[in-house]
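Trainee: Got a minute to go through this model with me? I'd like to know what stands behind the labels people put on it.

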Amino acid sequence: MDQPCLPIEPAFPKPRRSRQAQTVWGSRIVTVGGDAPVRVQSMTNTDTVDAIGTAIQVKELAIAGSEMVRITVNTPEAAAQVPYIREQLDRMGIDVPLIGDFHYNGHRLLTDYPACAEALSKYRINPGNVGKGDKHDRQFGQMIEAAMRWNKPVRIGVNWGSLDQELLAGLMDTNSLRPEPWDARLVMYEALITSAIGSAQLAERMGMDGNQIILSCKVSGVQDLIAVYRELARRCDYALHLGLTEAGMGTKGTVASAVALGILLQEGIGDTIRVSLTPQPGEARTQEVVIASEILQSLGLRSFVPSVTACPGCGRTTSQTFQVLAKEIDDYLRAQMPVWRKKYPGVEKMKVAVMGCIVNGPGESKHADIGISLPGTGEAPAAPVFIDGQKALTLRGDNIAAEFHQIVENYIEKRFGQLAETA
Ligand code: SF4
């Protein structure tokens, strides 16, 4: 076998160069695109007319890590409540920027409810739902004018479920004249991209700053999304909002989103992401934020919570001790993060390992900041604990879980508490 002469190149996303938008509320500025980190955003599923219920859900999403939260603004009653939602959030000390999601009547709502237009930090405009015929450009223009008047960025968000039908019909006609017509799916890709970029260029001709335009072209198929965004990224330098629309529920929605977004993010495509998960009955809306954050953290693009490495378990360990301990530690670390973000700067990069037996336990634990290797079946009832790569002590007896918990807490206080004091 040939000896290697060059080191293996690490795999890491090479970011696409894009313009940068600023989504602002008060002193909070969330930059999107350019050299900004990839942002996490989410959307409420409350009735916006219920200002208190919506404000509470926005707060939950923000605490879970959503850096912008979108709310539906679909009726005059909803538009009238937006300033009160903002007020409630400000009172609770939640400065997350709010994004208004408009369809069909956004031009009227943004004109008739100036307090709504002012309280929102960004407007989502769907060019497929702003009116037909000669109304299209006029109503789209009214929304762009509102964005310029209030100095807000816009997301021009095309969705294949609500694609501009006149544009699609025109492209279909052109396609039918080709000597070898394209597959209808490829025409649909072209329509999505043409609608998004064409609308952005129209907005710029109307006077909108191109930096304040973010684009999205959402579809529900993984391969479709990858194809469309690769081409969208190639054809423009607007910041891109990335997400699989109608991703679905549970495992299917999670996996589809992770695969689609992961592939594109690895190629440097995507400046802000949303995981459009259908919550399972009883599941918290915040789950979509958890998954979006995990996607970015798994790729090494962001750090949000300390990561817990746990082995899957196998025939070498028949007890559930390590599964229970891994879950307990993971839940505990996540629950503490809203407070720890300020109290222990850097703690989100910490790695904890909880392993099931001696085969990979000590090795994996040494790679973590703090790790424990629990005894497998037939092994001596001892659990070595590794701190900063060195074996620090061995736990024995029935109280291993509680003792390890305490060791983790002490480690965090000692290592990251000092950083807070010196910051
Ligand atoms: S560390 Fe041990 S228990 Fe865990 S998967 Fe590997 S061999 Fe199995």
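Mentor: Sure, take the contacts in the chain: among those with a separation of 6 or more, 66% join residues 24 or more positions apart. Contact here means heavy atoms within 4.5 Å.

Trainee: And what should I keep in mind about where the numbers come from?

Mentor: This is a predicted model, where local features need pLDDT of at least 70 and side-chain atom pairs count only at pLDDT 80 or more, while totals for chains, interfaces and linings use all residues. Residues are numbered from 1 along each chain as its sequence is written, and side-chain values use heavy atoms, with hydrogens and water left out.

Trainee: Why is E364 called partly exposed?

Mentor: Buried means under 20% relative accessible area, exposed over 50%, and partly exposed in between (1.4 Å probe, protein chains only). E364 has 32% relative accessibility, so it counts as partly exposed. By the same cut-offs, buried residues make up 49% of the 423 in the chain.

Trainee: Where does E364 sit, and what does it touch?

Mentor: E364 is in helix α12, residues 361-367. Helices are DSSP runs of H or I with at least four residues, strands are runs of E with at least two, and both are numbered from the N terminus. The chain has 13 helices and 17 strands. Leaving aside neighbours within four places in sequence, E364 is in contact with T309, A353 and M355.

Trainee: How do you know that E364 belongs to a binding site?

Mentor: From the record: the UniProt annotation "binding site", in an unreviewed entry, covers C311, C314, C357 and E364. Such annotations may be inferred rather than shown by experiment. C311 lies in the loop between β13 (307-310) and α11 (321-343). Not counting residues up to four places away in sequence, C311 touches F322, V354, M355 and G356.

Trainee: What makes Y104 stand out in its backbone?

Mentor: Y104 has a positive phi of about 70° although it is not a glycine. Its place is the loop between β5 (98-102) and α3 (106-112).

Trainee: Is Y104 buried or exposed?

Mentor: Its relative accessible area is 59%, which is over the 50% cut-off, so Y104 is exposed.

Trainee: And why is N151 called exposed?

Mentor: Set its 61% relative accessibility against that cut-off, and N151 therefore counts as exposed. N151 is in the loop between α5 (134-149) and β7 (154-159), and its phi is near 55°, a positive value in a residue other than glycine.
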